[in-house]
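Biologist: I should be grateful for a close look at a single part of this structure. Please choose one helix, describe it carefully, and then place it within its surroundings for a student who is new to the subject.

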Amino acid sequence: MNRPMRAAARRPAPAARADAPRPKPAPPAAADDAPLGCLVNDVARLLRTDFAARVSDAGLGLTGGEARALMHAVAAEGARQTEIAERMGVEPMTLCGYVDRLEGRGLVERRPHPEDRRAKRIVPTDEAGDTLGAIMPLAHEVMDDALAGLPEEDVAALRRALEHMRARLTSKG
């Protein structure tokens with residue numbers, strides 16, 4: 001037997017009185033109340049922005065993203081583009097643009113992967129060493145400025161906490 005389905009009974013919402021005060025929106029969170037994830041993300045963004053400005057001011061002819069890509073390419077010599085993109089936290093197509101420009105400047109080469117014909121390995125050239133030699137002090141300056149005034153034990157605790165978080169998050173893979 002076909003019976004029409006009945007809608008679930010709902011109580012009508014009480015009508016708002018015209019003279020009732022409206023609830024005030026919550027004020028923005030104070031810096032001390034910011035969620036930890038937002039704080040970590042904000043600091044990472046500020047570090048990248050400061051680094052990019054220093055790279056630009058240094059007249060290296062690189063963007064901050066290109067400089068970071070070169071640093072990762074050197075650190076993970078011979079890694080696939082997708083692996084470097086993942087390490088950097090950027091989309092593979094974003095990294096592709098960085099690598100195109102780095103390759104155009106003779107700082108990296110794309111080489112075939114020995115086990116996967118479709119994949120390319122990113123290998124720094126000899127010329128990358130001089131450029132990296134100019135980039136690394138800038139990266140150290142950014143971190144030194146950010147950590148200025150913190151006691152060494154706090155810096156060590158921060159490092160341990162961040163390494164712990166990274167290990168926990170990467171182990172979920």
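Modeller: This is a predicted model, and I shall begin with the whole chain before turning to helix 2. The protein chain exposes about 13,300 Å², and carbon and sulfur atoms supply 54% of that area. Of its 173 residues, 25% are buried. The secondary structure consists of 6 helices and 2 strands. Read from the N terminus, these elements follow the order α-α-α-α-β-β-α-α. Among contacts between residues at least 6 apart in sequence, 51% join residues at least 24 apart.

The part I have chosen is helix 2, which covers residues 64-75. Helix 2 contains 12 residues, and the distance from its first C-alpha to its last is 16 Å, close to the 16 Å expected at 1.5 Å a residue. Because 9 of its 12 residues are buried, helix 2 is largely enclosed by the rest of the structure. "Buried" here means under 20% relative accessible area. The buried residues are Gly64, Gly65, Glu66, Ala67, Arg68, Ala69, Leu70, His72 and Ala73.

What, then, do the buried residues of helix 2 pack against? Their partners are helix 1, helix 3, helix 4 (92-104), strand 1 (108-112), strand 2 (120-124) and helix 5.

One of these partners, helix 5, merits a description of its own. Its 20 residues should span 28 Å at 1.5 Å a residue, and its end C-alpha atoms are 28 Å apart, which agrees. In helix 5, Ala128, Thr131, Leu132, Ile135, Leu138 and Val142 are buried. An α-helix has 3.6 residues a turn, so residues three or four places apart point the same way. The cover over the buried residues of helix 5 includes helix 1, helix 2 and strand 2. Helix 5 is followed by Gly149, whose phi is positive, near 90°.

Helix 2 also takes part in the lining of the largest pocket. The elements that give two or more residues to that lining are helix 1 (36-57), helix 2 (64-75), helix 3 (81-88), helix 5 (128-147) and helix 6 (152-170). The greatest contribution, 10 residues, comes from helix 6. In total, 37 residues line the pocket, and Ala44, Leu47, Met143, Leu162 and Arg166 lie nearest its centre. By class, the lining has 25 nonpolar, 5 polar and 7 charged residues. The space within this pocket is about 2,000 Å³.

Technical notes: Residues numbered from 1 in each chain as written. Predicted model: local features only at pLDDT ≥ 70, side-chain atom pairs only at ≥ 80, totals over all residues. Heavy atoms only, no water. 1 Å grid on protein atoms, 1.4 Å probe; cavity = no way out; pocket = protein on both sides within 12 Å on 5 of 7 lines; lining within 4 Å. Points joined across faces, edges and corners; volume = space filled by probe spheres on them. Helix = DSSP H or I, 4+ residues; strand = E, 2+ residues; numbered from the N terminus. Nonpolar A, V, L, I, M, F, W, Y, C, P; charged D, E, K, R; others polar. Buried < 20%, exposed > 50% of the residue type's maximum accessible area, 1.4 Å probe, protein only. Contact = heavy atoms within 4.5 Å. Areas by Shrake-Rupley, 256 points an atom, 1.4 Å probe, with all protein chains shown as cover. Expected span 1.5 Å × (residues − 1).
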